[in-house]
Amino acid sequence: MTTLEALISSMKCPPIVLSNKISDWPARKWTPNYLASELTNQRYKCKIAPKDENVLWETECVHEEVTLQQFVEWDLGKPDQNNPLFPYNKSDITCYIDYKYMKDLFIEKTDHLKAVDWSVFGLDNRDGHASTIWIGSEGCYTNCHYDTYGFNLVAQICGRKRWTLFPPSDTKSMYPTRIPYEESSVFSQVNVKKPDTTTFHLFKNSHPHVVILEPGDVLYVPRHWWHFVESLETSISINTWVEMDEDKESHVTEAISRVLFGCMMDIKIGSVGTNTDWINPGEEVHGHDVNFRYLQKAVDSYKKAKDKNNLSSNLNKFASHIGKYCDLKVSTNETAAIPSRNKLFFQDAVDSGNNKETDQSLKRKVGTSPRNEHKIQRKDFETENLNADMENYHECLHHNILSFNSNLKVLEPMSYDLYVKEVICSYHSEQETMYDSDIDLPEFTKNTSQELLNNCQQCQLSCDRTELETAQQCQTCNMKTSASIQFSQQKIDCDDNLTVEHFSKILLHPDVIKKVKELITEPFDMLR
């Protein structure tokens with residue numbers, strides 16, 4: 001037996017939802033209207049996107065600058081003609097004032113920065129100065145990605161949000177990319193709201209963890225967990241990324257990626273979009289001298305940390321506090337192989353030995369009744385000879401959560417079939433839903449796709465997919481892929497031009513990172 005504290009410290013713990021921990025935060029009472037009255041005349045960049053099952057890259061969205069008062073008026077359906085959001089119909093459009101550092105918003109309002117107090121999670125002297133705030137309308141979202149640094153604590157202040165998370169072991173199934181480039185963010189090419197499982201076939205092997213955060217909930221997102229976030233109603237969230245000892249090495253990797261990106265930007269790009277399509281708004285691309293100084297600093301910091309190796313761990317502080325707070329014990333053999341812990345409730349979904357779908361799982365149908373499945377799983381659960389400490393667990397199938405008590409919930413993985421049934425189908429009516437296997441590509445698209453794939457192989461780039469394959473159009477939602485179709489009709493000479501697909505693979509290729517890491521042990525001039 002091991003305590004919850006040990007489980008979190010070992011970094012094998014799945015995401016956790018904590019309740020009733022921020023009731024005393026003054027920020028817990030904040031609403032968009034209140035913040036609008038406090039932050040008058042300040043303008044903030046916001047992201048405008050369609051409210052549908054499509055997910056646009058941030059570079060594809062419209063960006064405006066608005067005051068919080070203008071956002072509130074638009075959200076209430078009462079914008080005046082001078083409001084930058086006036087042209088956008090709220091029923092069809094989302095608006096997201098995302099990723100704003102609180103220290104930049106509340107420059108002369110220290111009381112507001114103190115209204116957030118992360119010490120209730122064992123992180124002393126951490127408040128709004130080390131936090132970011134997210135304010136958005138119903139339907140706004142953050143693209144699926146994972147953060148390369150630290151772990152994340154997210155406090156839901158107002159409204160509800162749905163989080164869909166995937167463990168680091170699912171990385172291959174998430175089809176990672178560094179395009180568009182954003183320092184410390186690795187994005188997924190999969191639209192988790194409506195996955196194209198013909199192009200991204202490995203996504204079916206993923207292990208979604210889904211939870212709806214209610215006001216007052218706090219979500220612990222472990223290091224390198226993928227997540228897609230969507231507002232179910234007008235909402236406010238506050239989060240803090242908490243530094244970890246392992247970040248020193250991640251800083252080196254990110255610095256290498258920045259150097260590579262700067263070099264690649266100097267190469268003739270060809271016909272695949274423009275430079276701005278490669279970089280998220282707000283991200284800066286510096287010259288080579290600046291990038292190499294950034295890398296030198298990261299290397300020096302890494303070497304010093306490696307020599308000392310006595311840094312106090314924020315994760316251990318958090319784990320100790322939560323362990324004492326909940327005073328729980330969980331069975332080691334049931335938690336050591338995340339995401340295989342689902343064998344308690346989804347025994348037919350994953351083979352805990354090799355993490356592959358079992359024959360029984362393959363025979364399951366999407367149409368399986370959640371209610372019947374719940375009864376079967378409940379029966380299996382009741383017949384298991386579980387430890388007495390597990391007797392108080394209760395399971396909520398829809399939210400896919402194990403509740404230890406009213407204040408702590410541990411997220412459990414869904415089977416892919418259940419994810420389709422419970423989440424993906426919620427965006428479509430039964431008549432409208434069309435899966436990728438029912439969609440046929442035009443003949444010219446198939447032929448050109450094969451030519452591109454051959455070109456990639458000649459360049460010794462192991463492409464799982466090509467830009468061309470994204471030209472598949474969903475006949476239901478009429479996805480906007482005209483740019484991909486236009487690109488598909490052009491032949492690419494990989495010796496002269498660099499595609500987004502190739503560049504993404506170069507940045508993520510482990511051999512590239514490994515080789516440069518070997519070089520950093522030598523004099524810096526060699527790396528330069």
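1. Aromatic pairs. The structure, which is a predicted model, holds 22 aromatic pairs. One of them joins Trp134 and Trp241, whose ring centres are 6.4 Å apart and whose planes stand at 70 degrees, so this pair is edge-to-face. Since Trp134 belongs to strand β6 (residues 132–136) and Trp241 to strand β15 (residues 235–242), the pair ties together parts that are 107 residues apart in sequence. The two partners can also be described by their accessibility: Trp134 is buried, with a relative accessible area of 12%, whereas Trp241, at 25%, counts as partly exposed.

2. A further edge-to-face pair. Phe151 and Tyr220 have ring centres 5.6 Å apart and ring planes at 70 degrees, and the pair is therefore edge-to-face. Phe151 lies in strand β8 (residues 151–158) and Tyr220 in strand β13 (residues 218–221), so parts that are 69 residues apart in sequence are tied together by this pair. Phe151 counts as buried at 1% relative accessibility, and Tyr220 counts as buried at 2%.

3. The aromatic cluster. Trp134 and Trp241 also belong to one aromatic cluster, in which they are joined by Tyr96, Tyr99 and Tyr101. For a reader inspecting the model, the edge-to-face geometry of the two tryptophans may thus be viewed together with these three tyrosines.

4. The nonpolar cores. The largest nonpolar core has 55 residues, and those with the most contacts inside it are Ile8, Trp30 and Phe121. When neighbours within four places in sequence are left aside, Trp30 is in contact with Leu35, Met102, Phe106, His112, Ala115, Ile133, Ile157, Cys158, Ile236 and Ile238. A second, separate core has 24 residues, and Val192, Leu202, Met414 and Tyr416 are among them.

5. The chain as a whole. Its secondary structure comes to 17 helices and 19 strands, and of its 528 residues 52% are buried. Of the contacts with a separation of 6 or more, 79% are between residues 24 or more positions apart. The chain exposes about 24900 Å², of which carbon and sulfur atoms supply 47%.

6. Helix α8. What span should the 13 residues of helix α8 (residues 314–326) have at 1.5 Å a residue? The expected value is 18 Å, and the end C-alpha atoms are 18 Å apart, which agrees. The buried residues of α8 are Asn314, Leu315, Phe318, Ala319, Ser320, Ile322, Gly323 and Cys326. At the start of this helix, a side-chain oxygen of Ser313 comes to within 3.2 Å of the backbone nitrogen of Leu315, and Leu315 is itself one of the buried residues.

7. Two prolines. The peptide bond from Ile179 to Pro180 is cis, with omega near 0 degrees, and Pro180 has its place in the loop between β10 (176–177) and β11 (185–188). Pro281 lies in another part of the sequence, in the loop between α6 (247–265) and α7 (288–308); although Pro281 and Pro180 are 101 residues apart in sequence, their C-alpha atoms are 9.4 Å apart in space. At 38% relative accessibility Pro281 counts as partly exposed, and, leaving aside its neighbours within four places in sequence, Pro281 is in contact with Glu58, Thr59 and His63.

8. Backbone angles to inspect. Most residues other than glycine have a negative phi, and most peptide bonds are trans. Against that background, two residues may be noted. Asn41 has a phi near 70 degrees, a positive value in a residue other than glycine; Asn41 is found in the loop between α2 (32–38) and β3 (43–50) and is exposed, with a relative accessible area of 72%. Tyr175 has a phi near 50 degrees, again a positive value in a residue other than glycine; Tyr175 is found in the loop between β9 (161–166) and β10, and at 4% relative accessibility Tyr175 counts as buried. The cis bond from Ile179 to Pro180 belongs with these points when the backbone is reviewed.

Conventions. Residues numbered from 1 in each chain as written. Predicted model: local features only at pLDDT ≥ 70, side-chain atom pairs only at ≥ 80, totals over all residues. Heavy atoms only, no water. Core = buried A, V, L, I, M, F, W, Y, C linked by side-chain atoms within 4.5 Å. Buried < 20%, exposed > 50% of the residue type's maximum accessible area, 1.4 Å probe, protein only. Contact = heavy atoms within 4.5 Å. Helix = DSSP H or I, 4+ residues; strand = E, 2+ residues; numbered from the N terminus. Expected span 1.5 Å × (residues − 1). Polar contact = N/O pair within 3.5 Å; in protein donor to acceptor, adjacent residues only side chain to side chain. Areas by Shrake-Rupley, 256 points an atom, 1.4 Å probe, with all protein chains shown as cover. Phe/Tyr/Trp six-rings, centres within 6.5 Å; stacked < 30°, edge-to-face > 60°.
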